[in-house]
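Let's take a walk through this one, starting with the overall build and then stopping at a few individual residues. Keep the viewer open as you read.

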Amino acid sequence: MVSMEDGCGENQARFNKYACACAMVASMISIIFGYDTGVMSGAMIFIKEDLKINDTQVEVLAGILNLCALLGSLAAGRTSDYIGRRYTIVLASIIFLLGAVLMGYGPSYAILMMGRCVAGIGVGFALMIAPVYSAEISSPSSRGFLTSLPELCISLGILLGYLSNYFFGKLTLKLGWRMMLGIAAIPSLALAFGIVKMPESPRWLVMQGRLGDAKKILLRVSNTKEEAEVRFRDIKTAAGIDENCLEDIVKLPSKNRGEGVWKELLLRPSPSVRWILMAAIGIHFFEHATGIEAVVLYSPRIFKTAGITGKDKLLLATVGVGLTKATFILIATLFLDKFGRRRLLLTSTSGMVLALTILGFSLTMVEHSEERLVWALSLSIVATYTYVAFFSIGLGPITWVYSSEIFPLKLRAQGASIGVAVNRVMNAVVSMSFISIYKAITIGGSFFMFAGISVLAWGFFYFFLPETKGKSLEEMEVLFSKNTRPRNVGIETQQRSNV
């Protein structure tokens, strides 16, 4: 088989603007999810005061969205195999729209919880489908950039959520937090209509036997006609179709609509698929086990512990977290296809270990001092921003890029949905337990714990995640072959990409 690197040569340096536009529109749904995550950090301050709820109810309110997103992500894989990637994004937008309306209405804690649950299902759909769609329309030379756009959009959404907290927080108590949550319905509605104008994933079309339609779209999203031909041939081979087939429509087995996929993924996986599944689950597990949700969602509490007082000052400091996250993820999207996934991932995790250790130390000093320690306050703020910066330049965007590109074609949607399910479970565990954990082991101790988990994450990434930069989606199963040790694959492919 001719690889994408051999088939395209120097033309890979070109950049397809149409593919970029499609990925950007698909990724817009991630802004809505990011907005909800960011806005809840400040809205919880006002919700607790207005609805008179306790800390346990606040934890449940924060985490229930992610538990429901678990259900949404598991359903999204099969749904996208059946109705297509594009209409799955439309469905996600509509579900989140209903959730946003319920949250904005929110006359009671029960209705607010119902809105969070509905929105959570929409989030599960969105988190699974946006990176998969972006990966399937992009060329190997730009896949890192395009597939990281959903994570960039999440960060932009978080920043918008923080800004919304600051400005709507000046309204009356009853109106302010409802405006913060309900306004997310507007972009959801706009996206549901806008996505209809986008093309379907060519890889999904091939799985349905619609070869003629797939080829037309590949010609539009590829850098050159030659690249489109190579991609089309590789996709046909991966789908079990003769690469020399010239028919516009062919009849394929029903399993291409998703039947039998769970058996191949979980019950009887090949050695390479088992390794791929382990890599996807591992990177999603560590993305949240290393504490990012605790910082993003509970940053006002962290800054309050550090000594910042007043709602306006707390929310402004939190805006800084969102701005840092968005800035460094933007930097990461520009370098993913140049430096590769492994190098950024290992650098990112190393910086997180250092920043979390310093944050744990500075917060411990603040807690055990009877007087206000300005140096510890300053150090904790710097450490928080540094942690977010290192997370955002590697682990944040690469989690979604990596897990959406490594699965074989027929397993991709449902394989990615398993990764997202693990991601949402860990997000829920951290967001629903962080208050209880820091009350048990102190807030400084909780960040020492996250630093220790980050060390384990670095070891996992080093030994089990090979470099995927420059590889076509159809070459991934070979990369994860059983005859090659994970560590060696990572080092060898990184060396070849630098030649």
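What follows goes from the whole chain to one helix pair, and then to single residues.

**The whole chain**

First things first: this is a predicted model. In terms of secondary structure, the protein chain has 23 helices and zero strands. So how does its radius of gyration sit against that of a compact globule with 499 residues? The rule gives a value near 23 Å, and the protein chain comes in at 22 Å, which agrees. If you line the chain up along its principal axes, the C-alpha atoms fill a box of roughly 75 × 45 × 40 Å.

What share of the residues counts as buried? The figure is 62% of the 499 residues. On the outside, the accessible surface comes to about 18,900 Å², and carbon and sulfur atoms own 66% of that area. The contacts tell a long-range story too: take those with a separation of 6 or more, and 84% of them are between residues 24 or more positions apart.

**A helix pair: H2 and H7**

Two packed helices are described by the angle between their axes and the distance between the axes. Here, helix H2 covers residues 17-51 and helix H7 covers residues 149-168. Their axes come within 5 Å and cross at roughly 35 degrees. As for handedness, H2 passes H7 in a right-handed crossing. Which classes of residue make up the contact of H2 with H7? There are 16 nonpolar and eleven polar residues, and no charged ones.

Glu49 also belongs to helix H2. Glu49 has a relative accessible area of 39%, so Glu49 is classed as partly exposed. Its C-alpha atom and that of Lys216 are 56 Å apart, with the two positions 167 residues apart along the chain.

**Two positive phi angles**

Just past H2 you'll find Lys52, in the loop between H2 and helix H3 (55-83). Lys52 is not a glycine, and yet its phi is positive, at about 55 degrees. Is Lys52 buried or exposed? With a relative accessible area of 66%, Lys52 is exposed.

Thr442 is another non-glycine with a positive phi, this time about 75 degrees. Look for Thr442 in the loop between helix H20 (412-441) and helix H21 (443-464). Its relative accessible area is 30%, so Thr442 counts as partly exposed.

Helix H21 is also home to Phe464. Phe464 is partly exposed as well, at a relative accessible area of 30%.

**Two buried residues and their contacts**

Ser80 is in helix H3. Why does Ser80 count as buried? Its relative accessibility is 0%, and buried means under 20%. Setting aside residues up to four places away in sequence, Ser80 touches Arg85, Thr88, Met128, Ile129, Trp204 and Ala413.

Ala100 sits in helix H4, which runs over residues 85-105. Ala100 has a relative accessibility of 0%, so Ala100 counts as buried too. Which residues does Ala100 contact once its neighbours within four places in sequence are left aside? They are Leu181, Gly182, Ala184 and Ala185.

**A loop residue on the outside**

Leu246 is in the loop between helix H12 (225-238) and helix H13 (261-267). At 80% relative accessibility, Leu246 counts as exposed.

**Some C-alpha distances**

Here are a few pairs to try with the distance tool, with their spacing along the chain and in space.

| Pair | Separation along the chain | C-alpha to C-alpha distance |
|---|---|---|
| Phe464 and Val132 | 332 residues | 22 Å |
| Ala100 and Ile292 | 192 residues | 24 Å |
| Leu246 and Ala228 | 18 residues | 15 Å |

Notes. Residues are numbered from 1 along each chain as its sequence is written. This is a predicted model: local features need pLDDT of at least 70, side-chain atom pairs count only at pLDDT 80 or more; totals for chains, interfaces and linings use all residues. Side-chain values use heavy atoms; hydrogens and water are left out. Axes are lines fitted to C-alpha atoms, for helices over the stretch in contact, and angles run from 0 to 180 degrees between N-to-C directions. Helices (H or I, at least four residues) and strands (E, at least two) are DSSP runs, numbered from the N terminus. A crossing is left-handed if the near helix is turned anticlockwise from the far one by less than a right angle, and right-handed if clockwise. Ala, Val, Leu, Ile, Met, Phe, Trp, Tyr, Cys and Pro count as nonpolar, Asp, Glu, Lys and Arg as charged, and the others, Gly among them, as polar. The radius of gyration is taken over C-alpha atoms; the globule rule is 2.2 Å times the number of residues to the power 0.38. Buried means under 20% relative accessible area, exposed over 50%, partly exposed in between (1.4 Å probe, protein chains only). Contact means heavy atoms within 4.5 Å. Accessible areas come from the Shrake-Rupley method with a 1.4 Å probe; for residues, only the protein chains shown count as cover.
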